[in-house]
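Please look over the chain below with an eye to its nonpolar core, its salt bridges and its nonpolar surface. The briefing that follows takes these topics in turn.

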Amino acid sequence: KEVVMGVRSEHVHDEAMYLEMYPDSQIESKIDVVELLGAESLLYMMLGSSIFIARVKPRANLYSGDTMRFAINPNKVHVFDKETENTIIN
């Protein structure tokens, strides 16, 4: 059955500690847009045909076009039935 996976931007991590903690739930993507918000930065990327947003600590060395590796906390993933939109895992 086809499902839709969702994850909140605050559960996407680029810190070494999380990359070590979640080696099986990592993704790598090219950054399309960096939105600097002061206390945090939002990174907008494409993952397949979907927009993917990561909320990270602000840094001066992140630019559009950079490729980053992220770890997703698997305990924070939401899964929905694509057909009915009902929650399967929350």
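In this predicted model, the largest nonpolar core has 14 residues, and those with the most contacts inside it are L43, M45, A54 and F70. Two or more residues of this core come from each of strand 3 (26–36), strand 4 (41–47), strand 5 (50–56) and strand 6 (67–72). In soluble globular proteins, nonpolar side chains tend to be buried together.

**Around M45**

- When its neighbours within four places in sequence are left aside, M45 is in contact with S29, K30, I31 and D32, and also with S50, I51, F52, A54 and F70.
- Two of these partners, A54 and F70, are also listed with M45 among the residues that have the most contacts inside the core.

**Salt bridges between distant parts of the chain**

- The count of salt bridges comes to five, and among them is the pair of D81 and K1, whose side chains meet at 2.6 Å, N to O.
- This pair links distant parts of the chain, since D81 is in strand 7 (residues 78–81) and K1 is in the segment before strand 1 (3–6), 80 residues apart.
- The two partners differ in their exposure: D81 counts as buried because its relative accessible area of 7% is under 20%, whereas K1 counts as exposed because its 80% is over 50%.
- A salt bridge also joins the side chains of K82 and E2, at 3.0 Å, N to O.
- K82 lies in the loop between strand 7 and strand 8 and E2 in the segment before strand 1, so this pair ties together parts that are 80 residues apart in sequence.
- K82 is partly exposed at 45% relative accessibility, while E2, with a relative accessible area of 53%, is exposed.

**A salt-bridge network**

- The side chains of E40 and R55 meet in a salt bridge at 3.7 Å, N to O.
- Because E40 lies in the loop between strand 3 and strand 4 and R55 lies in strand 5, the pair ties together parts that are 15 residues apart in sequence.
- E40 is partly exposed at 26% relative accessibility, and R55 is likewise partly exposed, at 35%.
- E10 belongs with E40 and R55 to a network of salt bridges.

**Nonpolar surface**

- V3, I88 and I89 make a nonpolar surface patch of about 260 Å².
- Within this patch, I88 has its place in strand 8 (residues 87–89) and is partly exposed, with a relative accessible area of 47%.

Methods:
Residues are numbered from 1 along each chain as its sequence is written. This is a predicted model: local features need pLDDT of at least 70, side-chain atom pairs count only at pLDDT 80 or more; totals for chains, interfaces and linings use all residues. Side-chain values use heavy atoms; hydrogens and water are left out. Patches are made of residues with over 30% relative accessible area and no salt bridge: like charges are joined within 9 Å, nonpolar side chains (Val, Leu, Ile, Met, Phe, Trp, Tyr) within 5 Å. Accessible areas come from the Shrake-Rupley method with a 1.4 Å probe; for residues, only the protein chains shown count as cover. A salt bridge is a side-chain nitrogen of Lys or Arg within 4 Å of a carboxyl oxygen of Asp or Glu. Helices (H or I, at least four residues) and strands (E, at least two) are DSSP runs, numbered from the N terminus. Buried means under 20% relative accessible area, exposed over 50%, partly exposed in between (1.4 Å probe, protein chains only). A nonpolar core is a set of buried Ala, Val, Leu, Ile, Met, Phe, Trp, Tyr and Cys residues joined through side-chain atoms within 4.5 Å. Contact means heavy atoms within 4.5 Å.
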